[in-house]
Amino acid sequence: MTNFAGPAVLETTDLRRSFTQGDVTIEVLRGVNLRVGSGEIVALLGPSGSGKSTLLQAVGLLEGGFDGSIRILGTEAAKLDSAGRTETRRDRMGFVYQFHHLLPDFSAQENVVLPQLIHGTPRAEAEARADTLLRALGLAKRLGHRPSQLSGGEQQRVAVARALSNKPALVLADEPTGNLDEATADIVFAEFLRLVRDQGSSALVATHNERLAARMDRVVRLHEGVLE
């Protein structure tokens, strides 16, 4: 069994998030303590409404209003200003969502090149990296196609390549195959796991699929805002 006892890529301590609706306060996260080790792929299981997406938004530094500690590669997120959070997301994280959110006017290759250019990668190097990832995902003949010319499974493959393009330390995935049929989901998820492992990234993957969760290194369960 692989040992992930080294330095944590992600660590939360007593993480809390609540919302107020009128006179009612709803506690979505109620003291979440979570650790993801270097190179570890963790499944985050839980029913709809359990707080999975809220937790991913928190650790992805996409929203404020949280109490507790979030540490990314040892850096306390609360100490980062807006520019620091943006830099952390850009340089250290990759995101895969249930829906691909590809830029419709750009080709598959361009969708994977763009985040690398923002990162500061030279264009030639970015294009080579995009081609390598897309070919590894079975899209060698689709590099110049726009999202509207791709199937759902192909679009999600491009989204996976985009998330991994900058070789992030931490990949956050929210139901990454939830919009695909079972057969396509199995193929895309296997490719996702292979690429994440090959480049040594860590990942936190929210899913409700027990079968997919069993293929990851560890499973944690979120129930009513608490990890079980």
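This is a chat about two helices and two buried residues in a predicted model.

Colleague: Where does Gln109 sit?
Modeller: Gln109 is in helix α3, which covers residues 108–119. Keep in mind that the model is predicted.

Colleague: OK, and is Gln109 buried or exposed?
Modeller: Buried: its relative accessible area is 19%, and the cut-off for buried is under 20%.

Colleague: Which residues does Gln109 touch, leaving out those up to four places away in sequence?
Modeller: Gln109 touches Glu127, Ala130, Asp131, Leu134 and Leu143.

Colleague: And Leu56, how many Å separate its C-alpha atom from that of Gln109?
Modeller: The two C-alpha atoms are 27 Å apart, and the residues are 53 places apart along the chain.

Colleague: Switching to helices: how do the axes of α3 and α5 cross?
Modeller: They come within 8 Å and cross at roughly 20 degrees, with α5 being residues 152–164. Angles under 35 degrees count as roughly parallel, so α3 and α5 are roughly parallel to each other.

Colleague: Is that crossing left-handed or right-handed?
Modeller: The crossing of α3 and α5 is right-handed.

Colleague: Which residues meet there?
Modeller: From α3 you have Ala108, Asn111, Val112 and Pro115, and they meet Val158, Ala161 and Arg162 of α5. The residues of this contact split into 5 nonpolar, 1 polar and 1 charged.

Colleague: Last one, Glu154: which helix is it in, and is it buried or exposed?
Modeller: Glu154 is in α5, and at 17% relative accessibility it counts as buried. Beyond residues up to four places away in sequence, Glu154 touches Leu139 and Arg142.

Notes
Residues numbered from 1 in each chain as written. Predicted model: local features only at pLDDT ≥ 70, side-chain atom pairs only at ≥ 80, totals over all residues. Heavy atoms only, no water. Helix = DSSP H or I, 4+ residues; strand = E, 2+ residues; numbered from the N terminus. Buried < 20%, exposed > 50% of the residue type's maximum accessible area, 1.4 Å probe, protein only. Contact = heavy atoms within 4.5 Å. Axes fitted to C-alpha atoms, helices over the stretch in contact; angles between N-to-C directions. Parallel < 35°, antiparallel > 145°, perpendicular 65-115°, else oblique. Left-handed = near helix turned anticlockwise from the far one by under 90°. Nonpolar A, V, L, I, M, F, W, Y, C, P; charged D, E, K, R; others polar.
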